[in-house]
Amino acid sequence: MPLYDYQCASCSHQMEVLQKISAAPLTDCPACQQPELKKVLSAPGFRLSGKGWYETDFKTGAKKNLAGSGD
């Protein structure tokens with residue numbers, strides 16, 4: 001389940017909520033009880049690092065050319 005950031009337009013209360021993608025967005029602020037809660041854009045909570053899927057992972061011999069090498 002993804003994390004969503006919310007901010008209240010009325011009192012500026014911010015919170016992070018773990019919700020299903022199919023769940024309806026929250027509307028009522030837990031701090032001021034006003035229906036002013038809105039989702040805000042935030043940075044993703046993961047980072048890609050280490051070994052992964054690269055163009056050369058499963059190529060052998062002369063086929064290990066990188067994209068754009070002009071062969």
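**Exercise 1. Locate Met 15 and describe its surroundings.**

Solution. Met 15 is found in strand β2, where strands (E, at least two residues) and helices (H or I, at least four residues) are DSSP runs, numbered from the N terminus. The model is predicted: local features need pLDDT of at least 70, side-chain atom pairs count only at pLDDT 80 or more, and totals for chains, interfaces and linings use all residues. Residues are numbered from 1 along each chain as its sequence is written, and side-chain values use heavy atoms, with hydrogens and water left out.

Step 1. Is Met 15 buried or exposed? Its relative accessible area is 19%, so Met 15 is buried; the term means under 20% relative accessible area, while exposed means over 50% and partly exposed lies in between (1.4 Å probe, protein chains only).

Step 2. Leaving aside neighbours within four places in sequence, Met 15 is in contact with Tyr 4, Asp 5, Tyr 6, Leu 26, Pro 30 and Leu 37. Contact means heavy atoms within 4.5 Å.

Step 3. Asp 5 stands ten residues from Met 15 in sequence, and their C-alpha atoms are 5.8 Å apart in space.

**Exercise 2. Determine how the strands are arranged.**

Solution. Step 1. The chain has three strands and zero helices, and its elements run β-β-β from the N terminus on.

Step 2. The three strands form an open sheet in the order β2-β1-β3, with antiparallel pairing; two strands pair if DSSP finds at least two bridges between them. Each of β2 (14–18) and β3 (37–40) has a single partner strand and stands at an edge, so one side of each is left without a neighbour in the sheet. From one strand to the next, the twist averages 40 degrees, with axes fitted as lines to C-alpha atoms and angles running from 0 to 180 degrees between N-to-C directions.

Step 3. Strand β1 (residues 3–8) pairs with β3 in the antiparallel sense over four bridges. Here Gln 7 stands opposite Lys 38 in β3.

**Exercise 3. Find the residue lying over the face of Tyr 4.**

Solution. Lys 39 lies over the face of Tyr 4, at 3.9 Å from the ring centre. The rule requires NZ of Lys or CZ of Arg within 6 Å of the ring centre and within 35 degrees of the ring normal.

**Exercise 4. Summarise the chain as a whole.**

Solution. Step 1. Of the 71 residues of the chain, 13% count as buried.

Step 2. Among contacts between residues at least 6 apart in sequence, 24% join residues at least 24 apart.
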